[in-house]
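Reader: I've got this model open and want to make sense of one strand and its surroundings. Can we walk through it together?

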Amino acid sequence: MQSNLQATIIISTFNKPEWLQYVLLSFDIQTTKNFEIIIADDGSDEKTKAVIDQFSKNTDLNVKHIWQADDGFQKTKILNKAIEASNADYLIFTDGDCIARKDFVETHLKLRRLKCALSGGYFKLTEDVSSKITDTIIREQKCFEKDWLIAEGQPKTFKMNKLTTSKTKANFLNFVTPTKATFDGMNVSCWKADLLAVNGFDERMKYGGEDREVGERMMNNSIKFLQIRYSAICVHLHHDRPYENEEALLLNKKIRHETKHAKSTYSKYGIHK
């Protein structure tokens, strides 16, 4: 176990070993190393385990692989298991298809506040640009550089401001953005105690906004969400969304409506049943 453990990084994944390999590399080259990694694996096959085992051999970071058998989309269930397995007081959540800029962890740690959660963003790469990512591109941080992205075919849009390295610009854009600060599992952090207080994720939730609901319970429990979408930077690799379906979305919408209407601060379908 590392000394001076300041954070647990919880990375959710399912059968994307080639993407996960890049994500893990991005955490191995962070500007701070006082964190552990937990991979919350919702039933991946042996290829994912092989990637994690290889990474574990070559890193100084403490890495845990929390796995459950594939039984459809059960991300909330594996995330709750990861929360229970975490050793740090502060948790940073991301996905196995989001490459973190090298100051990602340092930024979350610097900006954390008591009774607050930090809501980050992500910059979506096109399918073509995603296919051009390599270990070298990540080590050289080119995938966070506007010029490299444009040269490789990424459309030039206002959203490229999400890759800014200017703290002044980031602070201004965080302040003026109309986007609400929410619990988005690709880039969010909070105190473990604040998450446990609302009993973690509602395990009834399926694909589509499943992480927003836990954030709404935290807000009901007096946790303030702070906007850092232009400060804590990650790029999202392109993939299809096989779990997206109307039935799941309707279920999630119903649960979120109940949470809002009742101003719920605790789910009986969370960590402790």
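Reader: Which residues point one way from β1, and which point the other way?

Author: Sure, but keep in mind that this is a predicted model. In a regular strand, side chains alternate between the two faces of the sheet. Here, one set pointing the same way is A7, I9, I11 and T13. Pointing the other way are T8, I10 and S12.

Reader: How many residues of β1 are buried?

Author: The strand covers residues 7–13 and is mostly covered. Both sets of side chains are buried. The count is seven of seven.

Reader: What is the bridge partner of T8 in β2?

Author: β1 pairs with β2, residues 35–41, in the parallel sense over seven bridges. To get from β1 to β2, the chain runs through helix α1, residues 17–28, in a right-handed β-α-β crossover. In β2, T8 is partnered with E36.

Reader: And in β4, what is the bridge partner of T8?

Author: β4 spans residues 90–95, and β1 pairs with this strand in the parallel sense too, over five bridges. The partner of T8 there is L91.

Reader: Is L79 buried or exposed?

Author: L79 sits in helix α3, residues 75–85. The cut-off for buried is under 20% relative accessible area. L79 comes in at 5% relative accessibility, so this residue counts as buried.

Reader: How far apart in space are L79 and F201, C-alpha to C-alpha?

Author: Beyond its neighbours within four places in sequence, L79 is in contact with residues including I10, S12 and F201. In sequence, L79 and F201 are 122 residues apart. In space, C-alpha to C-alpha, the distance is 7.4 Å.

Definitions and conventions:
Residues numbered from 1 in each chain as written. Predicted model: local features only at pLDDT ≥ 70, side-chain atom pairs only at ≥ 80, totals over all residues. Heavy atoms only, no water. Buried < 20%, exposed > 50% of the residue type's maximum accessible area, 1.4 Å probe, protein only. Helix = DSSP H or I, 4+ residues; strand = E, 2+ residues; numbered from the N terminus. Pairing = 2+ DSSP bridges. Right-handed = clockwise from strand over helix to strand, strands pointing away. Contact = heavy atoms within 4.5 Å.
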